[in-house]
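Here are a few exercises to work through with a viewer open. Try each task before you read its solution.

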Amino acid sequence: MTESKTRLGVSAFAIVAFVLAFGSNGVRYIVGLPAFFVLAGLLTVASIVVFIRLKPARFRWYRLPAPIYWFLILAILSIFWSSYRLESIAGVAAQLATTFIAVMLAFVLSWHELLRTLASAMRWLLGVSYLFELIVAFFVREPLMTWWMEQPEGKTHKILFWSRDLLFSGGPIQGIVGSSVLFGFLALLALILFGVQLRAGLVRPVSGWCWVAVAALTLVLTRSATIWVALLAVLVVLAFALWGRRLGQERRARVYWVAGGLVAVALAAVLFARDFVFGLLGKSGDLTGRGETWAKVYELVEQRPWFGWGWVSYWPTWVEPFKGLDTKAGIAVMSAHNAWLDVWLQLGIVGVLVFAPIVFLTLQRVWFRAVDQPRRGPGPALPFATSALWPLLVLTALFVQSLTESRMLIESGWLLLIILAVKTRFDFELPAQDTEPTKRPWRE
């Protein structure tokens, strides 16, 4: 009974952590920035307490992926050459705290607990978002700004609104997070997690299909072109993973040749037919102003190409060189809208070289986790597990998002990346422990 209560407590804590990370924008809109910092600090302290109390028996610091250490050490060292030293200290502290929470969750949660708690957090975020949009539609009946933001004179640009009151107008809706792009990405993650749970028989069919429908509806109502591209990439990767499973290890080379050719075609289309391709998605060739932002960031990159300007994650737009660097609708831009370019800006080429292994080695491990039959000891291989697919699909979505957003470097994106990097590296050395249960949990 005590063990059962402990696991329930750990799961509840994980859900809270995921809600706070993935719904961070919404939390800031509700409580304000100072209170958000307090909540983030409390979450970090609680993570330390949980980790100390549980004392994961298999935890070893030296077994964590080495590129994570390289990246964090470089970020810490960058404080010494940073052009905004105080802001860099704060940014590094936030990075270290998020990393610790991710490592803790990776070690105290099993793969099935991780899937269940992530999916539960998505249900909470989607449910609260629709409740919020309904309240705005029925009671406010006009676009809504946050309580702590001053109403500007004249016409208010749509980017400033928490909700634009478009739920019954076909969208784009922004949910509790106040952004159609972020809300759409949550819906994409939810669709992946809910679909895997449903296919694996881990939830009741009626409930499972209802939540899949909610996630799909959210994708439609957010109307984010970049999210549709990410969804397409997820479906293509899923098809290749299922094909790889069917062919087996001996005949899988053709999968890699076809995948490589498809990537080459996609890159050629983006490079040489960008206006046409993005025009099909209702976007301009520079992805609604991102090209202008990238050009301005590259000018700064050229000034300090090797070690960058210093780590800070979110841009401190009140200090140079970010002050006045770029604005959209009168609002200062707080990221490069590309995780790789942001790393290059802040930590230089060296930073990109230590960041890339975190992403690509994790992609490699989640791929083989998805396509190889699990084994427990020297005996015959076990049946494929549907739940082994979700890390690959989620990381694919996160990778595609990193090309037009910098979320992979902060809050939920970094949390998810480090969880998968640590958990696949640690469990990769051990017999698989996450095959589908013989009994469906919802029937027990």
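The exercises below go from the whole chain to single residues.

This is a predicted model, in which local features need pLDDT of at least 70 and side-chain atom pairs count only at pLDDT 80 or more, while totals for chains, interfaces and linings use all residues. Residues are numbered from 1 along each chain as its sequence is written, and side-chain values use heavy atoms, with hydrogens and water left out.

**Exercise 1. The overall picture**

Task: Find what secondary structure the protein has and what share of its residues is buried.

Solution:
- Step 1: The protein has 15 helices and two strands; these are DSSP runs numbered from the N terminus, helices being H or I with at least four residues and strands E with at least two.
- Step 2: Of its 444 residues, 51% are buried, where buried means under 20% relative accessible area, exposed over 50% and partly exposed in between, using a 1.4 Å probe and protein chains only.
- Step 3: Contact means heavy atoms within 4.5 Å. Of the contacts between residues at least 6 apart in sequence, 76% join residues at least 24 apart.

**Exercise 2. Salt bridges**

Task: Work out how many salt bridges the whole structure holds, and which parts Asp372 and Arg252 tie together.

Solution:
- Step 1: Look for a side-chain nitrogen of Lys or Arg within 4 Å of a carboxyl oxygen of Asp or Glu. The search finds four salt bridges.
- Step 2: One of them pairs Asp372 with Arg252, with the closest N and O atoms 2.8 Å apart. Asp372 sits in the loop between helix 13 (339-371) and helix 14 (390-401), and Arg252 in the loop between helix 9 (225-247) and helix 10 (253-272), so the pair ties together parts 120 residues apart in sequence. Both residues are buried.
- Step 3: Now turn to Lys296 and Glu292, whose closest N and O atoms are 3.4 Å apart. Both lie in helix 12 (residues 290-303), four residues apart, or about one turn of the helix. Lys296 counts as partly exposed because its relative accessibility is 25%, and Glu292, at 41%, also counts as partly exposed.
- Step 4: Glu411 and Arg407 meet in a salt bridge at 3.2 Å, N to O. Salt bridges that share partners join Arg28, Arg407 and Glu411 into one network.

**Exercise 3. Helix 4 and the core**

Task: Decide where the buried residues of helix 4 fall around its axis, and what they pack against.

Solution:
- Step 1: Check the length. The expected span is 1.5 Å times one less than the number of residues. For the 12 residues of helix 4 (residues 66-77) that gives 16 Å, which agrees with the 17 Å between its end C-alpha atoms.
- Step 2: List the buried residues of helix 4: Pro67, Ile68, Phe71, Leu72, Leu74 and Ala75. Seen down the axis, they fall within an arc of 160°, so they line one face of the helix; the arc is that of the directions from the helix axis to the C-beta atoms.
- Step 3: These buried residues pack against helix 5 (85-108), helix 13 and helix 15 (411-427).
- Step 4: Follow Phe71 outward. Not counting residues up to four places away in sequence, Phe71 touches residues including Trp311, Leu347, Phe355 and Trp414.
- Step 5: A nonpolar core is a set of buried Ala, Val, Leu, Ile, Met, Phe, Trp, Tyr and Cys residues joined through side-chain atoms within 4.5 Å. Phe71 is among the residues that touch the most other members of the largest such core, which has 114 residues.
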